[in-house]
Protein chains: 2
Amino acid sequence: MEIGPLPRRERERLARRRAMLDAALAVFAEKGYAGATLDEVAERAEFGKGTLYNYFPGGKEEILFALIDDAYDAMVALVEAYLAETPEGTPTRVLFHGLVERMLAHFLERHATFRLLVKEAQRLMFDDAAARAAHLYRLRERVIAALTRPIEAAMDAGALRRLPAHAVAHLLIGNIHGYLMAVTCAPGGVAAPVTPSPEQGADFITEILFDGLLTDRSRP
Amino acid sequence: MEIGPLPRRERERLARRRAMLDAALAVFAEKGYAGATLDEVAERAEFGKGTLYNYFPGGKEEILFALIDDAYDAMVALVEAYLAETPEGTPTRVLFHGLVERMLAHFLERHATFRLLVKEAQRLMFDDAAARAAHLYRLRERVIAALTRPIEAAMDAGALRRLPAHAVAHLLIGNIHGYLMAVTCAPGGVAAPVTPSPEQGADFITEILFDGLLTDRSRP
DNA sequence: GCGCCCTGTGACCGACGGGTCACTTTCTGA
DNA sequence: TCAGAAAGTGACCCGTCGGTCACAGGGCGC
């Protein structure tokens, strides 16, 4: 992100790399990794196919992993930035509501990234090649770990029931994923059969996860 | 399933078709649709490649859709069978606990089917070809609809809070999917970092969805 | 027992696309 | 201005696989 001190040459190189990744993201998200062709990526990035190999010697697969790594890094960064900027003492419920809202907003405005993760990351997690699967597993674990920290803190503070924090983090991710699938998979793209805005989505998820579905108890 | 009255010729034909689908399921789940080859499917089914086309004139894609259709049909059948055999008046919580347990058990003992759905169905839901995406969307909706019915009944009975039943059904599916991902994607296959058995998984999911995560209220 | 037809077969074909490399263009520093 | 280096390019190569089809063989009716 520190683009100031870098020599011009370097900056341009990074910008070209960025342009290639952007093009690849669009193509991969649209056609899927297997269905995408490097010719189309190159064309959309406005480079020759050979040039891609100057920037990604590993070819198609290296490009895919660069995209996936970026997507997971961004997710971890989002969680950590949010936690860092949220004042101490924020009520647990507000804290998590904001976090869910941020994550929903993040993916709703990065539709291609979400598609890529759904189409390819999930597939790679079950890859035969143990190395690939393990890499994906590690990326996912980093996100889970980032979420586990505030969950555990809330449990320590007595705000949340003491449950396996790791499992709760998985559940949170699962709900965000499920919500996004429901919202973005409606026929015709981003039209919404369920609630459409990040706020409403966060309301729904937070309310159910915190309060549960049951009626038979007092409610504020 | 009615194999009695069918003439022998028909039965054998269906059995062969079944064998081909089984082989294809194994190969597709392992290598992914794009990575799988019909040669391998044919070999594993112990037929010549040409024979596949006698049973699936549409080729590779028809085989994939047959598998996915079967998987969704089985899910709907599972839900409906469970609801049919569960006595009237079963407490809501017990009803849903059993349902979740059934679904978890179903997929835990059909690992290949789960992998296929994760790898391919999710990908197809975002397919460019609107027809393909719409088909998948319809399949998913049938499952959601089957789940929505008991949820709405429970809301009508006052056992669950009045919330958009459709959204709650999505959420339930999302949690089951998330749980299975967490459990089956551990490095090394089906080893479990979270809770491993359908019972424990159903306990966890039911408890959180019904009671919520908060501590600050009375609990039985 | 005979011949027709239905089913199975796998060698073959052609499209496709990932990756390469000899050549061109652009940039840099003297 | 120019030579050498660095970066860009796309025609080409070649392995791979979905799909085809001419032929084989076994079962069924006659």
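Two residues count as in contact here if their C-beta atoms, placed from the backbone, lie within 7 Å. By that yardstick, 44 residues of chain A are in contact with 44 residues of chain B. Keep in mind that this is a predicted model. Below is a quick tour of how the two chains pair up, what sits around DNA strand D, and how one pair of helices packs in chain A.

**How the two copies relate**

- Chain A lands on chain B after a rotation of 180° with 0.0 Å of shift along the axis, and the RMSD of that superposition is 0.0 Å.
- That's the relation of a two-fold axis.
- Both copies use the same surface, as 100% of the contact residues of chain A recur in chain B.
- Looking for the spot in chain A that comes closest to the rotation axis? Go to Gly212(A), whose C-alpha is at 1.9 Å.

**The A–B interface, seen from chain A**

- Again, 44 residues of chain A meet 44 residues of chain B.
- Four helices of chain A, namely H6 (111-125), H7 (130-156), H8 (165-184) and H9 (198-211), each put at least two residues into the side that touches chain B.
- H8(A) supplies the largest share of that side, with twelve residues.
- In terms of residue class, the side of chain A that touches chain B splits into 24 nonpolar, twelve polar and eight charged residues.

**Around DNA strand D**

- There are 16 residues around DNA strand D, and the ones that come nearest are Phe47(A), Gly48(A), Gly50(A), Gly50(B) and Gly59(B).
- On the chain A side, helix H3 (49-55) gives two or more residues to this surface, while chain B does so with helices H2 (38-45), H3 (49-55) and H4 (59-85).
- H3(A) provides the largest share of the surface near DNA strand D, at four residues.
- Sorted by class, the surface near DNA strand D comes out as four nonpolar, seven polar and five charged residues.

**Helix packing in chain A: H4 against H5**

- The axes of H4(A) (residues 59-85) and H5(A) (residues 92-108) come within 10 Å and cross at roughly 145°.
- This crossing of H4(A) and H5(A) is right-handed.
- From H4(A), the contact is made by Leu78(A), Val79(A) and Tyr82(A).
- H5(A) answers with Gly98(A), Leu99(A), Arg102(A), Met103(A) and His106(A).
- By class, the contact of H4(A) with H5(A) has five nonpolar residues, two polar and one charged.

Technical notes
Residues are numbered from 1 along each chain as its sequence is written. Chains are lettered from A and ligands numbered from 1 in the order in which they are written. This is a predicted model: local features need pLDDT of at least 70, side-chain atom pairs count only at pLDDT 80 or more; totals for chains, interfaces and linings use all residues. Copies are superposed by least squares on the C-alpha atoms of residues with pLDDT of at least 70 in both. Ala, Val, Leu, Ile, Met, Phe, Trp, Tyr, Cys and Pro count as nonpolar, Asp, Glu, Lys and Arg as charged, and the others, Gly among them, as polar. A residue is near a molecule or strand if its C-beta atom, placed from the backbone, lies within 6 Å of it. Axes are lines fitted to C-alpha atoms, for helices over the stretch in contact, and angles run from 0 to 180 degrees between N-to-C directions. A crossing is left-handed if the near helix is turned anticlockwise from the far one by less than a right angle, and right-handed if clockwise.
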